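Visitor: Got a minute to walk me through this one? I'd like to start with the strands and then get to the rings.

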Amino acid sequence: MRTKKKIIIVGGGIGGAATALALYHAGFEAVVYERTKELREVGAGIALWANATHILKNLGLLEDAIRVGYLTTNYQFNSQSGKELVNVLVDRFELPVVAIHRAELHQLLWRNVPDEKFVLGQTFERFEQDRSQVRAYFASGLTDEGDALIGADGLRSRVRANLLGDRPPTYRNFKTWRGLTDYIPSKYRPGYIQEFLGRGKGFGFMMLGKGQMYWYAAAIAKEAQPDANIGHKQELEIMFQDWFPSIPELIAATDEANILTTDLYDRPPTQPWSKQNITLLGDAAHPMLPTMGQGACTALEDAYVVTKCLQEHSDPTAAFQQYESLRFSRTKAIVEQSLRSGKMGEFKNPFAVAARNTFIKVMGAAISNSFKSLHAYRA
(Lines give C-alpha, C1' and ligand atoms only; values in the text may rest on other atoms or scores of the structure.)
Protein backbone atom coordinates (compact mmCIF):
# COMPACT_ATOMS: atom_id res chain seq x y z
CA MET A 1 0.00 0.00 0.00
CA ARG A 2 1.40 3.40 -0.98
CA THR A 3 1.98 5.69 2.01
CA LYS A 4 3.59 8.68 0.27
CA LYS A 5 1.49 10.96 -1.93
CA LYS A 6 2.27 10.32 -5.60
CA ILE A 7 2.44 13.38 -7.83
CA ILE A 8 2.48 13.00 -11.62
CA ILE A 9 4.34 15.81 -13.39
CA VAL A 10 3.83 16.31 -17.12
CA GLY A 11 6.81 18.12 -18.65
CA GLY A 12 10.48 17.72 -17.77
CA GLY A 13 11.78 21.23 -18.48
CA ILE A 14 13.13 23.58 -15.83
CA GLY A 15 9.76 23.95 -14.05
CA GLY A 16 8.99 20.22 -14.09
CA ALA A 17 12.50 19.22 -13.02
CA ALA A 18 12.53 21.79 -10.20
CA THR A 19 9.15 20.55 -8.98
CA ALA A 20 10.33 16.95 -9.02
CA LEU A 21 13.42 17.89 -7.00
CA ALA A 22 11.48 19.97 -4.46
CA LEU A 23 8.90 17.20 -4.01
CA TYR A 24 11.62 14.54 -3.75
CA HIS A 25 13.33 16.54 -1.00
CA ALA A 26 9.97 16.88 0.78
CA GLY A 27 9.39 13.12 0.79
CA PHE A 28 6.78 12.83 -1.98
CA GLU A 29 6.79 10.26 -4.75
CA ALA A 30 7.13 12.40 -7.90
CA VAL A 31 7.26 10.99 -11.43
CA VAL A 32 8.00 13.20 -14.44
CA TYR A 33 6.74 12.33 -17.93
CA GLU A 34 8.57 14.10 -20.75
CA ARG A 35 7.72 13.83 -24.45
CA THR A 36 11.34 14.14 -25.70
CA LYS A 37 13.55 11.07 -25.64
CA GLU A 38 16.37 12.74 -23.75
CA LEU A 39 16.52 15.38 -21.05
CA ARG A 40 17.96 18.46 -22.68
CA GLU A 41 17.40 22.19 -22.94
CA VAL A 42 17.78 24.47 -25.95
CA GLY A 43 21.04 26.30 -26.54
CA ALA A 44 20.25 29.52 -24.71
CA GLY A 45 21.19 31.40 -21.58
CA ILE A 46 19.10 32.82 -18.76
CA ALA A 47 19.68 35.19 -15.89
CA LEU A 48 18.75 33.74 -12.52
CA TRP A 49 17.75 36.81 -10.57
CA ALA A 50 17.87 36.97 -6.77
CA ASN A 51 14.31 35.60 -6.45
CA ALA A 52 15.44 32.49 -8.35
CA THR A 53 18.81 32.05 -6.64
CA HIS A 54 16.86 32.13 -3.37
CA ILE A 55 15.00 29.01 -4.55
CA LEU A 56 18.25 27.34 -5.63
CA LYS A 57 19.72 28.10 -2.22
CA ASN A 58 16.75 26.39 -0.55
CA LEU A 59 17.21 23.39 -2.86
CA GLY A 60 20.92 23.22 -2.04
CA LEU A 61 22.03 24.09 -5.57
CA LEU A 62 23.20 27.71 -5.37
CA GLU A 63 26.90 26.99 -5.02
CA ASP A 64 26.74 24.57 -7.96
CA ALA A 65 24.93 27.16 -10.06
CA ILE A 66 27.57 29.77 -9.27
CA ARG A 67 30.29 27.27 -10.17
CA VAL A 68 28.93 26.54 -13.66
CA GLY A 69 27.42 30.00 -14.26
CA TYR A 70 28.72 33.56 -14.20
CA LEU A 71 28.10 36.18 -11.52
CA THR A 72 26.37 39.29 -12.81
CA THR A 73 27.02 42.70 -11.24
CA ASN A 74 25.18 45.19 -13.48
CA TYR A 75 22.13 45.35 -15.74
CA GLN A 76 22.62 48.20 -18.20
CA PHE A 77 20.14 49.69 -20.67
CA ASN A 78 21.54 51.63 -23.63
CA SER A 79 20.52 53.33 -26.84
CA GLN A 80 21.35 51.39 -30.00
CA SER A 81 24.60 53.36 -30.34
CA GLY A 82 25.67 52.43 -26.80
CA LYS A 83 24.73 55.54 -24.84
CA GLU A 84 23.88 54.49 -21.28
CA LEU A 85 20.29 55.04 -20.16
CA VAL A 86 20.14 53.12 -16.87
CA ASN A 87 22.66 51.02 -14.94
CA VAL A 88 21.14 48.79 -12.25
CA LEU A 89 23.66 47.52 -9.67
CA VAL A 90 22.38 43.99 -9.20
CA ASP A 91 25.33 42.87 -7.08
CA ARG A 92 23.75 44.87 -4.26
CA PHE A 93 20.82 42.47 -4.11
CA GLU A 94 20.62 40.17 -1.08
CA LEU A 95 21.53 37.11 -3.17
CA PRO A 96 23.70 36.84 -6.30
CA VAL A 97 22.44 37.07 -9.87
CA VAL A 98 23.78 34.20 -11.95
CA ALA A 99 23.90 34.01 -15.76
CA ILE A 100 23.78 30.37 -16.76
CA HIS A 101 23.17 28.14 -19.77
CA ARG A 102 19.70 26.62 -19.59
CA ALA A 103 21.16 23.14 -20.08
CA GLU A 104 23.50 23.60 -17.10
CA LEU A 105 20.60 24.62 -14.85
CA HIS A 106 18.47 21.78 -16.15
CA GLN A 107 21.23 19.28 -15.40
CA LEU A 108 21.69 20.60 -11.86
CA LEU A 109 17.99 20.03 -11.22
CA TRP A 110 17.43 16.61 -12.70
CA ARG A 111 20.70 14.97 -11.68
CA ASN A 112 19.64 15.29 -8.03
CA VAL A 113 16.50 13.23 -8.63
CA PRO A 114 16.70 9.44 -9.17
CA ASP A 115 16.79 8.59 -12.89
CA GLU A 116 13.76 6.31 -12.65
CA LYS A 117 11.63 9.30 -11.70
CA PHE A 118 11.98 10.67 -15.27
CA VAL A 119 10.06 8.73 -17.91
CA LEU A 120 11.10 9.95 -21.36
CA GLY A 121 9.53 9.69 -24.80
CA GLN A 122 5.97 9.89 -23.42
CA THR A 123 3.50 12.34 -24.98
CA PHE A 124 0.64 13.22 -22.66
CA GLU A 125 -2.84 12.93 -24.19
CA ARG A 126 -5.50 13.23 -21.49
CA PHE A 127 -6.40 12.66 -17.86
CA GLU A 128 -9.31 11.28 -15.88
CA GLN A 129 -10.20 12.31 -12.35
CA ASP A 130 -11.73 9.57 -10.18
CA ARG A 131 -12.56 10.67 -6.67
CA SER A 132 -9.21 11.36 -4.97
CA GLN A 133 -7.12 9.92 -7.80
CA VAL A 134 -6.07 11.14 -11.24
CA ARG A 135 -5.11 8.91 -14.15
CA ALA A 136 -2.84 10.14 -16.97
CA TYR A 137 -2.93 8.63 -20.45
CA PHE A 138 -0.07 8.85 -22.94
CA ALA A 139 0.15 8.37 -26.72
CA SER A 140 2.22 5.19 -26.31
CA GLY A 141 -0.63 3.51 -24.46
CA LEU A 142 1.02 3.95 -21.08
CA THR A 143 -1.17 5.04 -18.17
CA ASP A 144 -0.29 6.07 -14.66
CA GLU A 145 -2.30 6.92 -11.58
CA GLY A 146 -1.48 9.28 -8.74
CA ASP A 147 -2.89 11.49 -6.04
CA ALA A 148 -2.35 14.66 -8.07
CA LEU A 149 -1.11 15.89 -11.44
CA ILE A 150 0.91 19.00 -12.25
CA GLY A 151 1.07 20.29 -15.83
CA ALA A 152 4.50 21.81 -16.43
CA ASP A 153 4.40 21.25 -20.17
CA GLY A 154 5.02 24.75 -21.43
CA LEU A 155 3.38 27.42 -23.55
CA ARG A 156 1.14 25.03 -25.52
CA SER A 157 0.38 22.79 -22.57
CA ARG A 158 -1.74 19.75 -23.33
CA VAL A 159 -2.64 19.51 -19.67
CA ARG A 160 -3.96 23.08 -19.78
CA ALA A 161 -5.96 22.34 -22.95
CA ASN A 162 -7.55 19.31 -21.26
CA LEU A 163 -8.14 21.19 -18.02
CA LEU A 164 -9.42 24.54 -19.30
CA GLY A 165 -10.11 24.07 -23.01
CA ASP A 166 -8.09 27.22 -23.56
CA ARG A 167 -7.61 29.23 -26.70
CA PRO A 168 -4.13 29.44 -28.23
CA PRO A 169 -1.63 31.84 -26.61
CA THR A 170 -1.47 35.46 -27.79
CA TYR A 171 1.18 36.47 -30.32
CA ARG A 172 2.78 39.77 -29.27
CA ASN A 173 4.13 40.99 -32.64
CA PHE A 174 7.76 40.15 -31.92
CA LYS A 175 10.12 37.40 -32.94
CA THR A 176 13.35 36.70 -31.13
CA TRP A 177 16.76 35.28 -31.98
CA ARG A 178 19.15 33.68 -29.50
CA GLY A 179 22.79 32.91 -30.10
CA LEU A 180 25.80 31.35 -28.36
CA THR A 181 29.45 31.98 -29.17
CA ASP A 182 32.87 31.73 -27.53
CA TYR A 183 33.75 35.15 -28.93
CA ILE A 184 34.02 37.96 -26.37
CA PRO A 185 33.65 41.47 -27.87
CA SER A 186 36.45 43.93 -27.20
CA LYS A 187 34.03 46.38 -25.56
CA TYR A 188 32.40 43.82 -23.29
CA ARG A 189 32.23 44.94 -19.65
CA PRO A 190 32.77 41.94 -17.33
CA GLY A 191 29.79 41.21 -15.09
CA TYR A 192 27.36 43.25 -17.19
CA ILE A 193 24.13 42.30 -18.87
CA GLN A 194 23.89 44.93 -21.58
CA GLU A 195 20.71 45.69 -23.51
CA PHE A 196 20.34 48.08 -26.44
CA LEU A 197 17.04 49.61 -27.54
CA GLY A 198 16.39 50.83 -31.07
CA ARG A 199 13.49 51.42 -33.45
CA GLY A 200 11.19 48.40 -33.23
CA LYS A 201 14.02 46.11 -32.24
CA GLY A 202 16.50 45.44 -29.47
CA PHE A 203 19.61 43.45 -28.65
CA GLY A 204 21.27 42.17 -25.47
CA PHE A 205 24.17 40.02 -24.37
CA MET A 206 25.75 38.55 -21.26
CA MET A 207 28.53 36.20 -20.26
CA LEU A 208 27.66 32.67 -19.15
CA GLY A 209 29.87 30.10 -17.49
CA LYS A 210 32.67 28.28 -19.36
CA GLY A 211 33.56 31.39 -21.35
CA GLN A 212 30.40 31.42 -23.45
CA MET A 213 28.73 34.63 -24.58
CA TYR A 214 24.95 34.53 -24.92
CA TRP A 215 23.13 37.14 -26.99
CA TYR A 216 19.50 37.75 -27.85
CA ALA A 217 17.66 40.00 -30.27
CA ALA A 218 14.01 40.88 -30.86
CA ALA A 219 12.19 42.75 -33.61
CA ILE A 220 8.64 43.47 -34.71
CA ALA A 221 7.55 40.76 -37.12
CA LYS A 222 4.49 38.99 -38.44
CA GLU A 223 3.68 35.69 -36.84
CA ALA A 224 5.57 32.68 -38.22
CA GLN A 225 6.71 34.39 -41.40
CA PRO A 226 10.35 33.31 -41.88
CA ASP A 227 12.02 34.59 -45.03
CA ALA A 228 13.06 31.54 -47.03
CA ASN A 229 15.73 33.50 -48.91
CA ILE A 230 17.58 34.97 -45.94
CA GLY A 231 19.30 32.94 -43.25
CA HIS A 232 19.03 34.00 -39.64
CA LYS A 233 22.59 35.24 -39.54
CA GLN A 234 22.44 37.27 -42.74
CA GLU A 235 19.10 38.73 -41.68
CA LEU A 236 20.54 39.82 -38.35
CA GLU A 237 23.73 41.20 -39.85
CA ILE A 238 21.62 43.51 -41.99
CA MET A 239 19.27 44.50 -39.17
CA PHE A 240 22.02 45.42 -36.70
CA GLN A 241 24.86 46.52 -38.95
CA ASP A 242 24.98 50.12 -37.64
CA TRP A 243 24.45 49.35 -33.94
CA PHE A 244 26.94 49.40 -31.05
CA PRO A 245 30.11 47.69 -32.43
CA SER A 246 29.93 44.64 -30.15
CA ILE A 247 26.58 43.66 -31.67
CA PRO A 248 27.62 43.06 -35.31
CA GLU A 249 30.82 41.48 -33.93
CA LEU A 250 28.81 38.93 -31.93
CA ILE A 251 26.52 38.10 -34.84
CA ALA A 252 29.46 37.63 -37.21
CA ALA A 253 31.23 35.36 -34.71
CA THR A 254 28.22 33.06 -34.19
CA ASP A 255 27.71 29.95 -36.30
CA GLU A 256 24.38 29.84 -38.11
CA ALA A 257 23.63 26.53 -36.37
CA ASN A 258 23.89 28.26 -32.99
CA ILE A 259 21.18 30.83 -33.76
CA LEU A 260 17.62 29.97 -32.75
CA THR A 261 14.53 31.96 -33.65
CA THR A 262 11.05 31.86 -32.14
CA ASP A 263 7.90 33.96 -32.08
CA LEU A 264 6.96 35.55 -28.74
CA TYR A 265 3.66 34.77 -27.00
CA ASP A 266 1.97 35.17 -23.64
CA ARG A 267 -1.52 34.76 -22.20
CA PRO A 268 -3.63 37.37 -20.41
CA PRO A 269 -3.57 36.25 -16.75
CA THR A 270 -6.74 34.41 -15.75
CA GLN A 271 -7.98 32.12 -13.02
CA PRO A 272 -8.50 29.33 -12.30
CA TRP A 273 -5.52 27.28 -13.43
CA SER A 274 -6.35 24.43 -11.04
CA LYS A 275 -9.21 21.96 -10.88
CA GLN A 276 -9.42 19.69 -7.85
CA ASN A 277 -6.19 17.63 -7.76
CA ILE A 278 -4.75 19.02 -11.02
CA THR A 279 -2.84 22.27 -11.42
CA LEU A 280 -0.50 24.09 -13.80
CA LEU A 281 2.98 25.52 -13.34
CA GLY A 282 5.39 27.81 -15.18
CA ASP A 283 4.55 28.64 -18.80
CA ALA A 284 1.59 26.26 -18.68
CA ALA A 285 0.00 28.52 -16.05
CA HIS A 286 1.33 32.02 -16.80
CA PRO A 287 3.45 32.36 -19.96
CA MET A 288 5.11 35.75 -20.23
CA LEU A 289 7.34 37.72 -22.59
CA PRO A 290 11.07 37.48 -21.81
CA THR A 291 11.47 41.25 -21.36
CA MET A 292 11.70 40.99 -17.55
CA GLY A 293 13.76 37.81 -17.61
CA GLN A 294 11.33 36.07 -15.25
CA GLY A 295 10.02 33.01 -17.12
CA ALA A 296 12.37 30.42 -15.61
CA CYS A 297 12.61 32.37 -12.35
CA THR A 298 8.86 32.26 -11.71
CA ALA A 299 8.76 28.57 -12.68
CA LEU A 300 11.33 27.92 -9.93
CA GLU A 301 9.18 29.93 -7.52
CA ASP A 302 6.12 27.91 -8.53
CA ALA A 303 7.94 24.63 -7.93
CA TYR A 304 8.95 25.62 -4.41
CA VAL A 305 5.56 27.10 -3.44
CA VAL A 306 3.46 24.20 -4.76
CA THR A 307 5.66 21.81 -2.80
CA LYS A 308 5.22 23.81 0.42
CA CYS A 309 1.45 23.82 -0.11
CA LEU A 310 1.39 20.05 -0.61
CA GLN A 311 3.35 19.69 2.63
CA GLU A 312 0.85 21.85 4.50
CA HIS A 313 -2.31 20.15 3.18
CA SER A 314 -2.94 16.41 3.06
CA ASP A 315 -5.61 17.05 0.41
CA PRO A 316 -4.03 18.05 -2.95
CA THR A 317 -7.17 19.98 -3.89
CA ALA A 318 -6.73 22.29 -0.89
CA ALA A 319 -3.00 22.50 -1.56
CA PHE A 320 -3.51 23.56 -5.18
CA GLN A 321 -6.12 26.14 -4.19
CA GLN A 322 -3.65 27.67 -1.77
CA TYR A 323 -0.81 27.50 -4.32
CA GLU A 324 -2.84 29.30 -6.96
CA SER A 325 -3.98 31.91 -4.44
CA LEU A 326 -0.38 32.58 -3.41
CA ARG A 327 0.97 32.74 -6.94
CA PHE A 328 -1.67 34.46 -9.05
CA SER A 329 -1.26 38.11 -8.10
CA ARG A 330 2.53 38.01 -8.40
CA THR A 331 2.64 36.20 -11.72
CA LYS A 332 -0.17 38.37 -13.10
CA ALA A 333 1.83 41.51 -12.27
CA ILE A 334 4.96 40.11 -13.93
CA VAL A 335 3.10 39.01 -17.07
CA GLU A 336 1.58 42.47 -17.40
CA GLN A 337 4.83 44.30 -16.68
CA SER A 338 6.63 42.11 -19.22
CA LEU A 339 4.03 43.06 -21.82
CA ARG A 340 4.34 46.78 -21.02
CA SER A 341 8.10 46.52 -21.37
CA GLY A 342 7.67 44.75 -24.69
CA LYS A 343 5.39 47.46 -26.00
CA MET A 344 8.06 50.06 -25.25
CA GLY A 345 10.18 48.25 -27.82
CA GLU A 346 7.57 48.71 -30.56
CA PHE A 347 8.32 52.40 -31.13
CA LYS A 348 9.67 53.10 -34.61
CA ASN A 349 9.18 56.84 -34.98
CA PRO A 350 12.54 58.55 -34.16
CA PHE A 351 10.83 61.13 -31.95
CA ALA A 352 8.98 58.42 -30.02
CA VAL A 353 12.21 56.45 -29.61
CA ALA A 354 14.03 59.55 -28.33
CA ALA A 355 11.19 60.26 -25.88
CA ARG A 356 11.24 56.67 -24.65
CA ASN A 357 14.99 56.75 -24.08
CA THR A 358 14.73 60.05 -22.22
CA PHE A 359 11.94 58.64 -20.08
CA ILE A 360 14.04 55.57 -19.20
CA LYS A 361 16.99 57.75 -18.29
CA VAL A 362 14.92 60.09 -16.11
CA MET A 363 13.24 57.12 -14.40
CA GLY A 364 16.54 55.38 -13.65
CA ALA A 365 16.18 55.40 -9.86
CA ALA A 366 12.58 54.19 -10.04
CA ILE A 367 13.57 51.39 -12.45
CA SER A 368 16.36 50.30 -10.09
CA ASN A 369 13.96 50.25 -7.14
CA SER A 370 11.41 48.29 -9.17
CA PHE A 371 14.03 45.65 -9.97
CA LYS A 372 15.00 45.37 -6.31
CA SER A 373 11.37 44.94 -5.28
CA LEU A 374 10.72 42.30 -7.94
CA HIS A 375 13.79 40.30 -7.01
CA ALA A 376 13.33 40.63 -3.25
CA TYR A 377 10.46 38.11 -3.34
CA ARG A 378 11.02 35.17 -1.03
CA ALA A 379 8.80 32.11 -1.46
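Visitor: So, strand E14, residues 192-197: how many of its residues are buried?

Guide: 6 of its 6 residues are buried, so the strand is mostly covered. Keep in mind that this is a predicted model.

Visitor: Which side chains of E14 point which way?

Guide: Tyr192, Gln194 and Phe196 go one way, while Ile193, Glu195 and Leu197 go the other, and all are buried. In a regular strand, side chains alternate between the two faces of the sheet.

Visitor: What sheet is E14 part of?

Guide: An open one with 7 strands, in the order E6-E5-E14-E15-E16-E13-E17, and the pairing is mixed. Strand E6 (84-89) and strand E17 (259-266) are the edge strands, each pairing on one side only. From one strand to the next, the twist averages 15 degrees.

Visitor: How do E5 and E14 run, parallel or antiparallel?

Guide: E5 and E14 run parallel, joined by 6 bridges. Phe77 stands opposite Glu195 in E14.

Visitor: And which residue of E6 does Phe77 stand opposite?

Guide: Val86 in E6. E5 and E6 pair in the antiparallel sense, over 5 bridges.

Visitor: What packs on the sheet there?

Guide: Helix H10, residues 350-362, which touches E5, E6 and E14. The direction of H10 makes about 35 degrees with that of E6.

Visitor: Back to E14. How does it pair with E15?

Guide: In the antiparallel sense, over 4 bridges. Phe196 has Phe203 in E15 as its bridge partner. The hairpin of E14 and E15 has 3 residues between the strands, and Gly200 takes a positive phi there, near 75 degrees.

Visitor: OK, rings now. How many aromatic pairs does the structure hold?

Guide: 17 aromatic pairs. One of them is Tyr75 with Phe371, which is edge-to-face, at 5.3 Å centre to centre and 85 degrees between the planes.

Visitor: Where in the chain do Tyr75 and Phe371 sit?

Guide: Tyr75 is in strand E5 (residues 74-79) and Phe371 is in helix H11 (residues 364-375). They are 296 residues apart, so the pair links distant parts of the chain.

Visitor: Are those two rings buried or exposed?

Guide: Tyr75 is buried, and so is Phe371. Together with Trp49 and Phe77, Tyr75 and Phe371 form one aromatic cluster.

Visitor: You brought up Phe203 earlier. Why is its pair with Phe240 edge-to-face?

Guide: Because the planes of Phe203 and Phe240 are at 70 degrees, and over 60 counts as edge-to-face. The ring centres of Phe203 and Phe240 are 5.3 Å apart.

Visitor: Where do Phe203 and Phe240 sit in the chain?

Guide: Phe203 is in strand E15 (residues 201-207), and Phe240 is in the loop between helix H6 (232-239) and helix H7 (246-253). They are 37 residues apart, and the pair links distant parts of the chain.

Visitor: Why does Phe240 count as buried?

Guide: Because its relative accessibility is 0%, and buried means under 20%. Phe203 is buried too, with a relative accessible area of 2%.

Visitor: What lies over the face of Phe240?

Guide: Lys201, at 5.5 Å from the ring centre.

Visitor: And which ring does the charged end of Arg156 sit over?

Guide: The ring of Tyr265, with the charged end of Arg156 4.8 Å from its centre.

How values were computed
Residues numbered from 1 in each chain as written. Predicted model: local features only at pLDDT ≥ 70, side-chain atom pairs only at ≥ 80, totals over all residues. Heavy atoms only, no water. Phe/Tyr/Trp six-rings, centres within 6.5 Å; stacked < 30°, edge-to-face > 60°. Helix = DSSP H or I, 4+ residues; strand = E, 2+ residues; numbered from the N terminus. Buried < 20%, exposed > 50% of the residue type's maximum accessible area, 1.4 Å probe, protein only. Lys NZ or Arg CZ within 6 Å of the ring centre and 35° of its normal. Pairing = 2+ DSSP bridges. Axes fitted to C-alpha atoms, helices over the stretch in contact; angles between N-to-C directions. Contact = heavy atoms within 4.5 Å.
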